[in-house]
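Student: I should like to learn how the descriptive terms for a structure are justified. May we go through them one by one?

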Amino acid sequence: MARVPISFSSPPTFSRRALHWQSPRQHDVVHCGTSWSVPRISESEASLAESLVAVQGGTAPLVQALKSTASQDVSCFHFPGHNRGKAAPSPFSQLIGSGAFLHDLPELPELDDLFCPKGVILDAQRRAAELFGSFKTWFLVNGTTCGIQASVLATCSPGDYLVVPRNCHISVISALVLSGAVPKYIMPEYNSLWDVAGGITPLQVDKAVKELEEEGKRIGAVLVTSPTYHGVCSNVQGIASFCHPRGIPVIVDEAHGAHFRFHDSLPSTAIEQGADLAVQSTHKVLCSLTQSSMLHMAGDLVDVDKVSQCLQLLQSSSPSYLLLSSLDAARAQLSESTNIFDEPLAMASTAKDQLEIIPGISILDLTSFASDFPAIDPLRITLSASDMHLSGYEADDILYEEHQIVSELIGTQAVTFAINLGTRLQDVQKLVKCTKLLSEKYFSANRFNLRKENNVRSPLEQISVQLTPREAFFSKKRRVHIEESLGEICGELICPYPPGIPVLIPGEVITQDSLSYLINVRQQGMTISGAADAELNYILVCNL
């Protein structure tokens, strides 16, 4: 059941000429506020204005505007070059259909302007803000990555400190490079048996902030990853309650929690708990297209106009209306179905109950951590087959190659499966059935063998920062063999992907734990992102 009733205010009216006053190419220097007025329109424009108002009056105004515009019988002399599908590459058109090309339109006046919205985009974003419980919502076409970057840029000036968990996403590190902010890392709790990091606690934030205050450092913001990729949630309310009296804004990377507001059995959202900025990947558990996300804002600690300016700096000046309209459609889907998550939650609960009684299988839950984390996403199923002497990679390979089951996330000790709105009951039943087959084949055969000891230590426990990420990123580099890199200052961001959590960050001293971890995951076939040498035979270090 959804937490809140859904209602929408009357949409504003506008004219085609009103949206055409400024070319989208001029918006680099135009300040666009959040309010606007409607100019007088001529009789010749009246019918068009009325039709656009009708489009806005629907449940998905941007979707309807895109449909209406694409159906026009017009002679097109604008981009893109495929001209509404007339010159679409045949192999790709056959793959995705002609409709995608027909609706792949540029910033035409009736489709509004993402960076100075006055029409259907403004309407769609206002509806999203109302549904997600925020003061203001921005649509993102460069993913949650650009939302994280904009949030950090809007709150941190060069030299300011950003308090952040060390298991943050790669996008946070890129934000540090862009902003010139200095990280104050908090080490999350780490479970070595699962090779999984949890969240952070208010006490850890308290300690980090007070240490910086004692040193006379200026704190730009505190950033929290909640939930983590594995679904572990931090106590955002407790962190916000500590930060806000100090005037410190709280940013939440809520990429994996866009669905939390829409059922009582799901954890509370970051905005509900007092976060100032929350960035959500609407394309994950919800149903927009990949790369589309939303940034939500509440409170008055962050300058709303600065956030808009930062987003314009970071997002494409040619945003995809397919991505934008998919966000509008995903929002409409949620507003029209108040109990849309009943079935996925029931399937996930039943699956966990059945999986955890299978011999040799363990399920990650809050008891896996000593810290008092408030919740774990019930739609994430993370299982370990280590009692069968199978690593996460080995278990995943068997499930995929023998049973065609595709997981979301693979780790050294566990495999994570994401239940979402599109998950079918027969697929969940298949997962349970094939996990039983896995147990029957490997648990009995290995039950008398000694369990493999996990010698891999957390690469995040002992870190030493010698340069800020920005300083290291722009410093001169040299290439050294990985076995000779111990003690050097890392000059690149080295990150197993997924989950996208950096093991080495520019400016950190390369340790034995980090090298051992990287060599281990490389040997098990995990993709290494960010390194100049994808095979990781060599590492770029700072040439100081």
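Tutor: The following exchange sets terms used for this structure against their definitions.

Student: What should be kept in mind about the model and its numbering?

Tutor: This is a predicted model, in which local features need pLDDT of at least 70 and side-chain atom pairs count only at pLDDT 80 or more, while totals for chains, interfaces and linings use all residues. Residues are numbered from 1 along each chain as its sequence is written, and side-chain values use heavy atoms, with hydrogens and water left out.

Student: Why is strand β2 described as largely enclosed by the rest of the structure?

Tutor: A strand is a DSSP run of E with at least two residues, a helix is a run of H or I with at least four, and both are numbered from the N terminus. Strand β2 covers residues 161-165, and 5 of its 5 residues are buried, so the rest of the structure largely encloses it. Buried means under 20% relative accessible area, exposed means over 50%, and partly exposed lies in between (1.4 Å probe, protein chains only).

Student: Which residues of β2 point one way and which the other?

Tutor: Tyr-161, Val-163 and Pro-165 point one way, Leu-162 and Val-164 point the other way, and all are buried. In a regular strand, side chains alternate between the two faces of the sheet.

Student: What makes β2 and β3 a pair?

Tutor: Two strands pair if DSSP finds at least two bridges between them. Between β2 and β3 (residues 182-186) there are 5 bridges, in the parallel sense, so the definition is met. Tyr-161 stands opposite Val-182 in β3. Strand β2 is also joined to β6 (residues 219-225), by 3 bridges in a parallel run, with Tyr-161 opposite Ile-219.

Student: Which elements make a right-handed β-α-β unit with β2?

Tutor: They are helix α8 (residues 170-179) and β3. The crossover is called right-handed if, with the strands pointing away from the viewer, the path from the first strand over the helix to the second runs clockwise.

Student: Why does one side of β1 and of β3 lack a neighbour in the sheet?

Tutor: The open sheet has 7 strands in the order β1-β10-β9-β8-β6-β2-β3, with mixed pairing. Strands β1 (136-140) and β3 stand at its edges with a single partner strand each, so one side of each has no neighbour in the sheet. Within this order, β8 (residues 250-253) and β9 (residues 277-280) run parallel and are joined by 3 bridges; Val-252 has Ala-278 in β9 as its bridge partner.

Student: How do you know that β11 and β14 are edge strands?

Tutor: An open sheet of 4 strands has the order β11-β13-β15-β14, with antiparallel pairing. Strands β11 (362-363) and β14 (409-410) each pair on one side only. Strand β14 is joined to β15 (residues 415-418) by 2 bridges, and Ile-410 has Val-415 as its bridge partner.

Student: Why is the contact of Glu-211 and Lys-184 called a salt bridge?

Tutor: The term requires a side-chain nitrogen of Lys or Arg within 4 Å of a carboxyl oxygen of Asp or Glu. The N to O distance for Glu-211 and Lys-184 is 2.7 Å, so the pair qualifies. Glu-211 lies in helix α9 (residues 202-214) and Lys-184 in β3, so the salt bridge ties together parts that are 27 residues apart in sequence. The structure holds 12 salt bridges.

Student: Where do Lys-210 and Asp-206 lie?

Tutor: Both lie in helix α9, 4 residues apart, which is about one turn of the helix. Their closest N and O atoms are 3.3 Å apart in a salt bridge.

Student: Is Arg-261 buried or exposed?

Tutor: Arg-261 has a relative accessible area of 10%, so it is buried. Its salt bridge partner Glu-272, with closest N and O atoms 3.1 Å apart, has 33% and therefore counts as partly exposed.

Student: Why does Leu-95 count as exposed?

Tutor: Its relative accessibility is 66%, so Leu-95 counts as exposed. Leu-95 is placed in helix α4 (residues 90-96).

Student: Why is Gly-133 called partly exposed?

Tutor: Gly-133 has a relative accessible area of 33%, so that term applies. Gly-133 is found in the loop between α6 (120-132) and β1.
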